[in-house]
Amino acid sequence: MEYNLQKQHDKGKLHAIERIHMLVDPGSFMEIYSGVKHNCTSFGMDKKEIPYDGVITGFAAINGRKVAIYSQDFTVQGGSLGKMHGDKIAELISKAIDARCPVIGINDSGGARIQEGVNALAGYGNLFYQNVRASGFIPQISIIAGPCAGGAVYSPGITDFIFTIDKISYMFITGPKVVKSVMFMDITEEELGGGAVHAQKSGVTHFRCADEHDCYERVKRLLDYIPHYYGDTREPVSFSYESEGKANAITRLLPERSNQGYDMKKIIECLVDDESFFEIAAEFAVNVIIGFARIEGRTVGIIANNPSGLGGIMDCDASDKAARFVRYCDAYNIPLLTLVDIPGFIPGPQEEQKGIIRHGAKLIYAYSEATVPKVTVITRKAYGGAYIAMCSKHLGADFVYAWPKAEIAVMGAEGAIQILYAKQLKDPSQAALVDEKLQEYRDTIMNPQTAAECGYISEVIEPIKTRERIVQSFKFLDNKRATDSIPKKHGNIPL
């Protein structure tokens, strides 16, 4: 098969077949349906030869494990999707379901093949249907390695992880020309749907990569963390843990003042195997951290509030980001570790009008629905409904630990006293009483021992003992099975 490599190189991009070979193990790619041809006769299409109908499909191995892979070829009819093109990808996904292996899609397409009309739309529909069938059974990874416009964006949108590449990735429902004609707005492809837009603002992208090589290396790393199908079990990998240095570091990470920010990622690094934390969606909703890590060689999913981002408060975007990750981990039986330092859900008209109630409810739903092992550590603040939402015992956490300085209450001491002693606050002569009540509230209401006495905290632990407790807890929960499911088709998550 001859490929027009130079045409892609001139655009600063690799060719579809080069991308496949860069990603998979050498010599492992087995192409299927290379002889497929379109059957469109409209607008001169009967005279056009479109090799493999513009998409290369097949099976291969990555890091020694099988995967299904497709790569759209922009040098062939702009990589446009016609009926046979869409059906090739749909068939590949169907076979991947049967073979129990991940699907990786490399998207580089001008969108639907206009000459084919509704048949092109049928190709998309068949593809979307297989995406949904595969969801939760085999991982689906989308690489945006060129334009991805119109209906083309919805297949990646259904998949589990999306990778974009700076300066060559674009995703949008309608491109700049349509925006200009309809909204009279001049906007570039980069401003409308470039990698930075989707990594930082829309949250569509999970990984933004510097170049194609960086992208494919990160895809390989991701595949090393996740199960390759529902029910996949893997032996722990070898690991190292610099116990003395990390144990000493974790004792110094919390600031003296409870309203002072700190980087929760440093605490994560102290708890997980050396250099094993693999963050996801790092640029979006930075007030919450999600990602995979290893603890004694086993993969866990981590959700953590980040006080260095908006004080760790939860908003609509952070709720969505965390909830979807919880559901992904639960779908593939990946245990969940939740690190809590949260002052609450964000107040104010802007987030209320965006639907913070609905978005926050997604997080509550996701944690409550998850039946995987769930371990929670409260490092500092855990206030109000946000305390409940961040995998509290009340939502089914198996073990909840708290550090000695943790504050667990409806709200902070200052806010509580302003409500309870509003009249006294107006009287300067009552200042001593107010100060006394502030301390009383901290000592009797917010103290983690109070929650422990009620059975809501499994144990109050010193920071230096945290990893040891997490390891012991996950070992105990290794064979956890859900026992109280209610017969029903499915629940109704507040989307």
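**Strand E7 and Ile141**

Me: Which residue stands opposite Phe163 of E7 at Ile143's position, and what kind of model is this?
Reply: Ile143 stands opposite Phe163 in E7. The model is predicted: local features need pLDDT of at least 70, side-chain atom pairs count only at pLDDT 80 or more, and totals for chains, interfaces and linings use all residues. Residues are numbered from 1 along each chain as its sequence is written, and side-chain values use heavy atoms, leaving out hydrogens and water.Me: Which strands pair with E7, and in what sense?
Reply: Strand E5 (residues 140–144) pairs with E7 in the parallel sense over four bridges. Strand E9 (residues 207–209) also runs parallel to E7, joined by three bridges. Strands are DSSP runs of at least two residues, numbered from the N terminus, and two of them pair if DSSP finds at least two bridges between them.

Me: What does Phe163 face in E9?
Reply: Phe163 stands opposite Phe207 there.

Me: How many residues of E7 are buried?
Reply: Five of the five residues in E7 (161–165) are buried, where buried means under 20% relative accessible area with a 1.4 Å probe, protein chains only.

Me: Which residues lie on each side?
Reply: Phe161, Phe163 and Ile165 are on one side, with Ile162 and Thr164 on the other. In a regular strand, side chains alternate between the two faces of the sheet.

Me: Changing topic: where is Ile141, and is it buried or exposed?
Reply: Ile141 is in strand E5 and is buried, with a relative accessible area of 1%.

Me: What is Ile141 in contact with, beyond its neighbours within four places in sequence?
Reply: Its contacts (heavy atoms within 4.5 Å) include Phe161, Phe163 and Val219. The C-alpha atoms of Ile141 and Val219, 78 residues apart along the chain, are separated by 8.2 Å.

How values were computed: Residues numbered from 1 in each chain as written. Heavy atoms only, no water. Buried < 20%, exposed > 50% of the residue type's maximum accessible area, 1.4 Å probe, protein only.
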